[in-house]
Amino acid sequence: MKPLKILGVSALVLVVVAGAVWWGLPTSEKPKWVTAKVDQGSIVQRVAANGTLNPVELVNVGTQISGTVLRLHADFNQPVKAGQLLAELDPAILQAQIRQSEANLSSARAVVNNAELALKRNENLKARGFVSDGALDSLRKDVETARAQVLQIEAQLSRDKTNLGYSMVRSPIDGIVVNRGIDVGQTVAASFQTPTLFQIARDLRRMQIDTSVSEADVGAIKAGQPVRFTVDAFREQEFSAQVRMVRLNPTTQQNVVTYNVVIDVDNKDGVLLPGMTAQVSIITNRKERVLRVPSAALRFRPPDASDGAPAVTSSPPEKGRRPSGQPKIHMVGSGGSLVPKELKIGITDGRFTEVLEGLAEGDEVVTRAVAVTNNSQTSGFRFRMF
């Protein structure tokens, strides 16, 4: 049995050694070029951005007084008219202030009457020589002071009545209630800032998208350019819109400068809702039936001989970066070698690039290389991508 075990181990060692020798044998690589034809077609340049759908006109309805919400007359999604009552605040304190001001006004008017009577009596005495000019001037002053006090209290009473009117919260415009920020019994404090009680959109059939576009792309955006966008709620549907303006106020976050591009949206069907996120594509340039080449051909760089492959170009390639000067593509020459050719190009959409000079329709350009590796001792082969 031992000779058989030794024989088996020896056979296994021979197989391992043979495999190692086979993998160590020299190989030959012959590149295979993948080409594409130059054709005519359309090229559309776009700027992609994300934005939020908002009403064109959104009014925050607040109140200038503090108080407790007594009644609500409007709710979410309810259409309202200008001047319509939305809510009532408890008017008890305001009504008490009005009564107090009315009492103060009556008292001030009584003081005026007494001062006028005193002045009249002393004027009669002055005519008879019993009152000095100084005493008469003091009485006239008392009358003017009393009249000024009446005007001051009348102004206070007018302000109290105006505040009572503010306890009735009314809609400033025709629209629809998109947000209600109060409930019955809630205390509204307007001491430091005006609280927002309701938000009313004037017309949800017209909306806008507020987008942030980087400073590198904003130069190509102009008012009136067409826009296509989608929302997550309707993934299969694409909507049309139009650029209204590029706002001049930039936003800087972590040294990145962006601009707000406002896009007008026709929402006559009412399917788009405020707050939806829109994936926007702004069409900045479009050309039809132009000569175009796949952009992959401009990005293609031949493999370097240092990778183990033989040189296959008529001029030394520059691996890892574009050659200086005009854009360059490669075409397959005689014997399978590559022939570089310079182009004059126009606009690009990332997939295709416009060709102005250097190529004709039907020309084939190299877009990538596939190296076929053959082992000299076997019929098997393998592929390697450059």
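How much area does the chain expose, and what share of it do carbon and sulfur atoms supply?

1. Surface. The chain exposes about 23500 Å², an accessible area from the Shrake-Rupley method with a 1.4 Å probe, where for residues only the protein chains shown count as cover. Carbon and sulfur atoms supply 52% of the exposed area.

2. Basis. This is a predicted model, in which local features need pLDDT of at least 70 and side-chain atom pairs count only at pLDDT 80 or more, while totals for chains, interfaces and linings use all residues. Residues are numbered from 1 along each chain as its sequence is written, and side-chain values use heavy atoms, with hydrogens and water left out.

3. Overall make-up. There are five helices and 21 strands in the chain; these are DSSP runs numbered from the N terminus, helices being H or I with at least four residues and strands E with at least two. Of the 386 residues, 32% are buried (buried is under 20% relative accessible area, exposed is over 50%, partly exposed is in between; 1.4 Å probe, protein chains only). Among contacts (heavy atoms within 4.5 Å) with a separation of 6 or more, 73% are between residues 24 or more positions apart.

4. First sheet. One open sheet has four strands in the order S3-S10-S8-S5, paired antiparallel; strands count as paired if DSSP finds at least two bridges between them. Its edge strands are S3 (58-62) and S5 (79-80), each of which pairs on one side only. S3 and S10 (residues 196-201) are joined by five bridges in the antiparallel sense, and Val 59 stands opposite Ile 200 in S10.

5. Another sheet. An open sheet of four strands follows the order S7-S6-S4-S9, also with antiparallel pairing. S7 (168-170) and S9 (187-188) each have a single partner strand, so one side of each has no neighbour in the sheet. S4 (residues 67-72) runs antiparallel to S9, with two bridges between them; the bridge partner of Gly 67 is Val 188 in S9.

6. Hairpin. Strands S16 (residues 328-332) and S17 (residues 338-342) are antiparallel and joined by five bridges. They form a hairpin with five residues between them, and Gly 335 in the turn has a positive phi of about 75°. His 330 stands opposite Pro 340 in S17.

7. Salt bridge between strands. The whole structure holds 14 salt bridges, each a side-chain nitrogen of Lys or Arg within 4 Å of a carboxyl oxygen of Asp or Glu. In one of them, Glu 88 pairs with Arg 71, with the closest N and O atoms 3.2 Å apart. Glu 88 is in strand S6 (residues 85-89) and Arg 71 in strand S4, 17 residues apart. Glu 88 counts as buried because its relative accessibility is 13%, whereas Arg 71, at 42%, counts as partly exposed.

8. Salt bridges between helices. Glu 154 and Arg 109 form a salt bridge with the closest N and O atoms 3.1 Å apart. This pair links helix H3 (residues 133-166), which holds Glu 154, to helix H2 (residues 92-127), which holds Arg 109, across 45 residues. Glu 154 has a relative accessible area of 32% and is therefore partly exposed. Arg 147 and Glu 116 also meet in a salt bridge (2.8 Å, N to O), with Arg 147 in helix H3 and Glu 116 in helix H2, 31 residues apart. Arg 147 is partly exposed at 39% relative accessibility, as is Glu 116 at 30%.

9. Network. Asp 75, Arg 180 and Asp 183 are joined into one network by salt bridges that share partners.
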